[in-house]
Every structure is written in structure tokens, then in C-alpha cells.
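Let's take a walk through this one together, starting in the middle of a sheet and working outwards. Keep the viewer open as you read.

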Amino acid sequence: MKKASIIVLVLLGTAAMLFAQAAKEQAVSEGPVEFSMYYSDNATLPFKDSWLTVQETAKIANATVHYEAIPIADYSTKVSLALNTQTNAPDVILYQTTAGENQSLALNGAIVPISDYSEWTPNFNAMVEKYNMQSDIDKIRLSDGKYYYLPSLTDVPFYDGGIILRQDYLEKKGFAAPKTYDDLYQILKAYKADNPESYPLTILAGPRVLYRMTMPAFGVSLGRNGSGGSKVLSWDYEKLEFFEGAISEEFKAYISFFAKLYKEGLLDPEMADPIDGGIWSRKMATGASMATWAYYDQIGGVTAASEIKGFKLQMYPALEGPAGAHHQQKNRLGSGILFPTKTTKRSDFEQIVRAVDKMFFSEECSKIWCIGVKGVTYTEENGKIKYSDEITNASEGIYKYMQLAYGCGSDVTQMVWVNAREMTKYDENYAAINAAVEAIGDVIQYIPPTPKFDDLQAEEAGMLLTPLADKFEVWCDAFLTGKKSIDKDWDTYVKEMKSIGIEKFCTLYNANL
Amino acid sequence: MGGTASQPILANGKQKMKFKEKGNETLQIKLRSPLQRHLFRYWQLYLMMILPFFYFILFKYIPMFGNILAFRRYRPGLGPFGTEWVGLRYFKLFFKDPAFWRAFRNTLTLSVLNIVFSFPLPIIFAIMLNELRNKHFKKIVQTISYMPRFISTVVVIAILSEILSPSSGLLNRFLVDVMHKTPIYFMNDPQYFRPIYIFSGAWQFTGWTAIIYLASITGINSELYEAAEIDGANRFQQIWNVTLPSILPTIMVMLILEVGRLLSLGFEKVLLMYTPANSEVSDIIDTLVYRTGLANQNYSYATAIGLFSGIIGLILVSSANRISRNLTGDGIY
Amino acid sequence: MIWLVMAFMLIICVVPFVYMIALSLSSAKAIINGKVSFWPVELNLEAYSKIFTYPNFFRAYGNTIFYTVVGTSIALVMTILFAYPLSKSYLKGHGFFTKLVIFSMYFSGGLIPNYLLISSIGLTGTRWAIILPFAISQFNLIILINFFKALPTEIEEAALIDGIGYFGILPRIILPLSTAAIATIGLYYAVFFWNDWFNGLIYLNTPQYPVMLFLRNIVNGTMVVGNASSASADTAMLGISTKSAVIITSTLPIIILYPFLQKYFVKGLTVGSVKG
């Protein structure tokens, strides 16, 4: 009798386990999970529901996704509204970080601390492992030790924009490729001598692009797009702390150099205002300017439009300044995915998280977001990627065409960026430039950490920041254009900045790292 | 409640009593108080107002409670009405801020300049337009004159930048080639900020605003003109003595509204024209609020400033209205 | 003299449009090389095709037309209903209501309270969210009140004696006399609804977006005010050609509307008909 009952019990137990297992699987695979998602829509590559990438990744993740394409210029307004009020909010929001208001929102419970649910993001965790990014992830943890969004991952930040010069002119005059800022100065002077009417150096979209790309070579990063968002503080990469960059000697050296360019008519006076892309193109194409800091994929458009014989633009590796050869700082982590708290109220919250994780971070899907679908957009020959004829023959270039037609390579949806893979979308020239940049070493430094403020400190920081940023902008422009003399007025400037609290601001930042 | 307390009389001086016929009875309904009598007489008018009144309460007045945020600290994610009372903290903050007063000064200056230069233009334009004999020409000019209204601010500024560009702009070309002067960088020069702002505003809105005055002019009784002509008045005198006085109520209403709007200038345009170089004159209250309040998500600060501007605006509108009543006998209320 | 002024007005208003039409029809290359002034160079329709192939362009256009037509109609009804009684200064409560209107011009709730209100009555995500809350513009209301005040009272009094109540007077007498004013504020409302993108952005879902939002994105998307943390925002360079085409496409319909309203600007019934 005893033996029999034991056997029955074991059988029953096994049956129960199998049954439970089956039930669990049943619950999980019950049909596609449905959710809504905000997408930041750029007018140059308008979102299409029919994009191959969109369709395929949703299929693989077994999800029905309602993309809400919101114009990029108003994206932050809409997101802020959704997170602040939690009404009419989507389930998932793309292209976000926990900078600015989001930090306060996260700490006050408006955003899901996704690190708490890391069992549901296996693909993301795997990617972080694969590219050794645990320490980077730690950088986005807030003061409570949690991270609140799934950032995009880049294995090696690449050099997608920089100093661009008229190569044909350099060759004509026998100039070697410039290595330092002084080299650049010589080239600009020569062009001005040959073309007195011109302003050799111009900038796209206003001084902020110039500043963010060139200041690091002088040891600072300031202004509206300065790294770290502090606008007047810079990061000391040796001491690992912030210092008052706006009143530093390094900045003085920087602004002196460019003020000299301005004075000698080498720098376009119009760049104080954000220049319209059309005006910039015109200056470059007609030879009114021959040097600029801009992005690589804009070269093609200008070259095609120019009517100058032998016109050739080339991008050069970052120039060396007093602090070394540095370019705009970039992080290995970029904007990513976050979940408003209201999504946790859904019974299928786990499924949503798992689906999103799969859709963007799995090997298969992240590849689709980058290079599309095998057999449709590319084929692999001998381990090398070969794009379809339609793509390679496109007039916009491979990268742009893939963005427009398939949704590949969009900042908003591509979460995994592998340098080597990205290079396949550009011409060899680009790869060569990036290789040269790699060779120089430490060109692209990391972005300074964001201090971990609670929202009371954030308010205080904000109130200090605005007058400081405004005053800096005015003085920077005044020094640049010569309205204020760097020799005579520098001390007044420093005094003024100190009187509105730049030292207090710096202390606040450093105390909360 | 406002309104006259005296007995309301019908325009024809008679008082109406309502008679109801029920079967063969005539009921004379005795109305008790003057108020009830009034309501009964004008019930149709009151009925008309019910829906719009409800609209105002719902969509305009209920959200006003949000202004409470000016006295409480806003913490993102913890509710839209702030968490703790901080009294006048934010008011004190911007009162002490020299940047705020500079913005205040700039806003006032631009608005006053606007009123002095841009306000009369639509009136003059409407009157001139009315004088045109040729109907076709009149129609064409009218239609074309308000087309600039539709160009979005961004493009207006873009066009301006083109024309005023120191390198390729028409105006500077003219200066350099014809007058042999050095090119002026208009958009960046604080001196030119105000003129550019005013002129571009006038260009965009003159034709558009003139529509209101035109509508007013069409309502003028033509007999008045005939009478004036019989009296020997020439065209100009007719305008002075007939047209202008007839549209004076409209002009005053528009003026009062404009004065009330003294502190609320168009934000987008100034923001686009702002450069560090012209910031001394181009920073206005709305752009300051945008930078300090909204860009830093300090909604309490923004709300406090908004409340302050609202109070000032209300004071301005009441004063303007009172003055207008005294001078011309008409106002908004 | 007047002719000179009018001609000047004409020129300065038309010239930018002519310039933009030329830009929108020229090739990008010609524009970059500075060849375009008032006549299209290297005629091509690329800019327009870019706009018309923008995803969901026509759906958005349809949305805008809906909002404009329905919005203006509702707004006109509401405004007239409020303006007419308020134009009678003998009406008890007249002062109170007028002050109510004016007060609300200076104090608004701000973005978030408004958003919460509209959400709580269930309008967000529906098309009515951008029509109903904007049914009355205080400015237009005051203009109309002022206009009604200026109407001669004799006809009204005569009608009242004849037993026609206010409900009858309004459509039969007042409205025909006020076609100019109503056409004016109708146009103002129409332009408001036609151009509105902000409210569409915050209250609506993507399928309901008005066309102005897309068009603004095209024109504005390259001039991101404030922190342009993304590199792609700077690289986005839609030519001035496309932007010009955007302007033309978005303003043409409303411009075409006006001539049809012209006839309403003819004088209403002359008052002389009331004698005796």
C-alpha cells in the first residue's frame, strides 16, 4: 500500500508541475501585446508605419505597437506634459534621458525605475555585458542608485562631424592637412589674402556648434550645448571635478584665438545668429567660405550643388589645441527608452517590458534597426555586408537612403551602435577619417557626469544657472566680436560672474556628484 | 452684481405686461420685484447667455485655480498644484532680479512703440481703402494686404534675415554698392532691433487689422456723407467729420485692448530675433519666463510672473477704459 | 496720393510671396548658388512633391478643414449668442458679465491646469478638444459687442412692438445688418483654427493632427530653439525651397477664402428703410 501511495503522490506531483508549467506558458504566449509609444519625428526622415524595420521588429517581439509620431521641435513639451500629468500618456516613451526635469520626475515617482525590473530586460543586460558598459550604466543611476531608462549603447563613439575644409584649395596652395589650430589660422589667412571679400570660416547653425566642437581642444566646454548642461562649468578630466570654465584661463585662450580670427576678417560675422542651412550651403558652395565645422553627411549636398571646378570638401581629424586634440565630448550612452509610471498599472506590464526589450535590444532586432532585413536590404558575402543595389545607387547616399526608405539608423529607434557596422554605410573616406581619429587617441572624451540633485536642489541650480548662462553668452559674444577687449575687460567679466554666484554654482555641482 | 439698479424701460418708453391665455381665462401675472420683472421681460436674452456663460466658467475660470501654483512650490511628478505653501517666495525672487526689470522695461518700450507707430496704420489704411473708387483695385489691394498675416513668424524672420544679411542681403548690397558704406549687421545690432520688430509687425498685421475698421466703416449711414457733402465739405473734411467720429468707438475699443496687452508681446518672434548681442533690448517678459521658468521647469516661477502681468494688465485696461469713457463717452464696459 | 500708398502696400505685401513661390519652384542647386530672385530657376516640383508625399499629409489636411469649418461655426454661434445680450447696456448684469469676460483675458490657468481640465472631461484624444475650449475669443467677442452697440435701435424697437421677441430679432434683423462684422470675426476665427498647431499638439493623437503641425515641423524642425542635444537636429537641412512650398500650401486656401467673404462687407440694409 505504501509503495503505491508514494508512486501516486509522485505522479500527481509531476502532473501538477507539468500542468503549472503549461499554464504559465499559456499565459505568456497569449497573443501580441499591444501598447502605445511616443516617437520623436524629424521632418527630414518622417516616420512611416510601413517601414520595414518597424514591421519586422514588431513581428519578432510579438507586439502590436501604436507609434505616435510627434514633431521633434515639440517633443519635450509633449513628453513633459505626459509625465507631469500621467493623463493621456503613452505606455512607452522613446528618446529620453533623466536629465533636467526628468530627474526630478523620476525621483518623485513619475517614471518607472527600470533597474528594478532587470529580470525583464535580458537582452539589454546582455548587450551591456557584451560591450562592457556596466560602469557607463552606473553613471546614469540617480541618487537612489536606480536607473530609469534604457539608454542607447555605442561601443565606440565616432567622429561624425568636425572641421571641414576645401581640399582643392589646400592642394592648390600646397598646404598639408592641418594638425593644429595655428595651422588652420595660416590656411584661413592665405584664403583671405586671395579672396579679400570672403570670410573663410563660417559655421552652420550658429556659434553653439562651433563651441561644442572646438572648445574641448582648449580644455573647456561651455555654452548652450556645452557638455554636462551646466553651460558655464567645465570638467577637469584629471581631477575629476567641475571647475568654473567660463572664467578660466583656458577659456580666455580660446576666446582670444577666435577673437583674433574675427578681427582679421577670417570668421564670418553672420555666425552669431543661427544660420539657415540654405545660407550656409550657399556660402560653402560659392566659395564665400571655405572652412566650417559641420557634419560629414552634409558635404555631399554642398558638393553636388557647387559650380566651382574641382570643388572638393574634406573632413579632417580634430585639430590640436592647448589641451590636446579633442573633439566634442560624447558618451557611450545616448537617449533611450523610459516608461511612465501609469504603465505599471497594466496587468501586462511585464509583457510590455519584455517586448520592448526584445524589440530594441535583442541581437536580431538591433541589427534590423541598423542595417535592415537580410535578403531585402543587404546580403552577406564572405562575412562582409553588401547592400542592395537600390541602396548603393541612391543619390542621397547609403546612410540617408536607408533612413528614408527603411527607417534604419534613426537616433530614436536604433539602440545599439557598433562602430564597425556603422562604417559600412559610409564611403571609405569616412572610415579612413575615423581611423585617423582613433589613431590620435582620446579625441572624444566622455561627457561629464550629471550631479544627482533632488528637486529642491535642482530648482536652486536652475535659478543660479539662468543669469550665469545669459551673462556668459553676452560676454562671450562681446569678446568674440571685439565689442569688449579681452585685455582690458576680462577682470570686470570675472568679477561680474563671481558676483552672480558662479563659485556657489560650481560648489553645488561638485557636492552632488 | 453690476448693471443699472433703476427700472429698465423699453426703448419705446412703454412697459409691457404679459398676458397669458389659458382656455378662456386671461391671467394677469403680477410680477413682484423689479428684478423679477426685469428677468421676465428679458428672459430671451438671458437664455441666450446661458451656454456661453457656462463655457466661460468651465474653460476659462476653472483652470484659473492653477494660478495657486504661484504661491506653492512645484515638484515635478507630485501633482500640478504644487506641494507646499511658500507664500510670496517666487514673487520676491523676480522682484529682486534685475533681469526681470530689464525685461519689463523692454516689454513696455516695445508695446508703447507699437501703439504709437503701428496702431494708427490700420485705421489710416482702412480709411484710404474706403476712398478708392475702383472696386476691382480695392478688392485686390485688400486681399493682398492681409496675406502677410499668414506667413509664420519663423519664415518672416528668415526672410528678414535674408534681406538684411550683411553678406548677401538686398539692403546691404544697396548700402555697399550705391552708397559706399560698410555693411551693417542689422539683425545683431541692438540699435536696429526695435525698428525691425515694429516694422515687421506693421507689415504683417496692418492689412489684417484694417479689416475690423473696414467692417466698421461699412456700417456708417451714407446719409451722413450726403448731408456733409451738401454742407460743402470736401472729401478730407468728410473723413474728419463723418468717418472718424463714426468709427471712434471701434478705435477706442481696439486701443483699450491694445493697452491691456501692453505686457504680453508675441513671444515666438522675439525669441527668434534674440541674439546675445541685442539681449539688452530684446529680452522681454515672455522670453524671460520661457528661459527661467519653463526651460528649468520652474512652473511656480512662471506662474508667479504670469499672475503679476495679469494684474498689471487688468489695471491698465481699467484705467484705459475709464479714461476713454471720460474723453469719448465710450469704453468696453 | 492714395494710389501711391496702395501701390506701395501692394508691392511690399506681394513681393515676399512672389519670392517664395519662385523659391519653391526652383531647384536646390540654383538656390544654393544664389541665382533665384523673383523667377523660378530650373523649374521643378520637388519641394511640393516632398510635401504631398509626407506621410498622412492629406489626412492632416482633412483634419484641418474639419477643425476650421466646425470650429468657426460653433464659435460664431457662441459668440453671437453672448455678444447680442451684452450689447444691451440696460440689461441687468450686463456690467458683471462684461467684466467676467475681460477679467478672463488676463488670467489664465496655464498649460497644465488646462490640460488636466480637458482631460478630466474626457476631451483629450478627441477632435473636440481643440474646438470646444476655443469657442469664444474674448477679443472677437468684444469687437462684436461693440459692433452690435453701434446698430441703430429703431428697427429693434419696432420689431419688439410687433411682438417679435429677441429670438426672432436676432436672426431676422440683427444678423443681416451685421454681415460685415460677422464676416470679420468669422475670418478671424477661421484663421485661428486653421493656424493652430499648439493645441493640436498637446491634446490630440497622431491621426487627428492638423496639417499645420506637420508644416511647422518642416519649417521649424531645423531651428530647434534651446538645447539641441541631438546631432541629427543640426544636420536636418530642409531647403528653403521646401519651406517656401510649405508656406504657399498652408496659406493658399485661406487666402482664397477671403474674396468670397468680400460680398459681406457691403453695407447691410440701410437704416432709412425704418422711417415711419
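**Starting from a strand in chain A**

Strand 3 of chain A and strand 13 (residues 333–338) of chain A run antiparallel, joined by two bridges. If you want a spot to click on, try A:Gln96, whose bridge partner in strand 13 of chain A is A:Gly336. Bear in mind that what you're looking at is a predicted model.

Strand 3 has another neighbour too: strand 1 (residues 33–41) of chain A pairs with strand 3 of chain A over two bridges, this time in the parallel sense. Here A:Met37 has A:Val92 of strand 3 as its bridge partner. So how enclosed is strand 3 of chain A? It covers residues 92–96, and five of the five are buried, so the strand is largely enclosed by the rest of the structure. The cut-off behind that word is a relative accessible area under 20%.

Now move across to the other partner of strand 13. Strand 4 (residues 150–154) of chain A pairs with strand 13 of chain A over three bridges, in the antiparallel sense. Look for A:Leu150, which stands opposite A:Ile337 in strand 13.

Put these pieces together and you get an open sheet of six strands in chain A, with the order 2-1-3-13-4-16 and mixed pairing. Which strands stand at the edges? They are strand 2 (63–71) and strand 16 (416–417) of chain A; each has a single partner strand, so one side of each is left without a neighbour in the sheet.

Time to zoom out to the whole of chain A. Besides the strands you've just met, there's plenty more to find, with 21 helices and 16 strands in the chain. The C-alpha trace spans about 105 × 60 × 40 Å along its principal axes. A compact globule of 513 residues would have a radius of gyration near 24 Å, and the 26 Å of chain A agrees with that. Of those 513 residues, 57% count as buried. Take the contacts in chain A with a separation of 6 or more, and 76% of them come from residues 24 or more positions apart.

What about the outside? Chain A exposes about 20,800 Å², with carbon and sulfur atoms supplying 54% of that area. As for charge, chain A carries 50 positive and 66 negative side chains, and the centres of the two sets lie 1 Å apart.

Next, hop over to chain B and find B:Pro276, in the loop between helix 12 (267–273) and helix 13 (279–282). Is B:Pro276 buried or exposed? At 13% relative accessibility, B:Pro276 counts as buried. B:Pro276 also reaches across to chain A, touching A:Glu473, A:Val474 and A:Asp477. Within chain B, the C-alpha atoms of B:Pro276 and B:Pro190 are separated by 9.7 Å, with their positions 86 residues apart along the chain.

Another residue to pick out is B:Gln191, in helix 9 (residues 190–218) of chain B. B:Gln191 is exposed, with a relative accessible area of 60%. B:Val281 is 90 residues away from B:Gln191 in sequence, yet their C-alpha atoms are 8.6 Å apart in space.

Finish with chain C, which has 14 helices and zero strands. Of its 276 residues, 59% count as buried. Chain C exposes about 10,700 Å², and carbon and sulfur atoms supply 71% of it.

Technical notes: Residues numbered from 1 in each chain as written. Chains lettered and ligands numbered in written order. Predicted model: local features only at pLDDT ≥ 70, side-chain atom pairs only at ≥ 80, totals over all residues. Heavy atoms only, no water. Helix = DSSP H or I, 4+ residues; strand = E, 2+ residues; numbered from the N terminus. Rg over C-alpha atoms; globule rule 2.2 N^0.38 Å. Buried < 20%, exposed > 50% of the residue type's maximum accessible area, 1.4 Å probe, protein only. Contact = heavy atoms within 4.5 Å. Areas by Shrake-Rupley, 256 points an atom, 1.4 Å probe, with all protein chains shown as cover. Lys, Arg positive; Asp, Glu negative; His and termini not counted. Charge placed at Lys NZ, Arg CZ, Asp CG, Glu CD. Pairing = 2+ DSSP bridges. Lists of a residue's contacts leave out its neighbours within four places in sequence.
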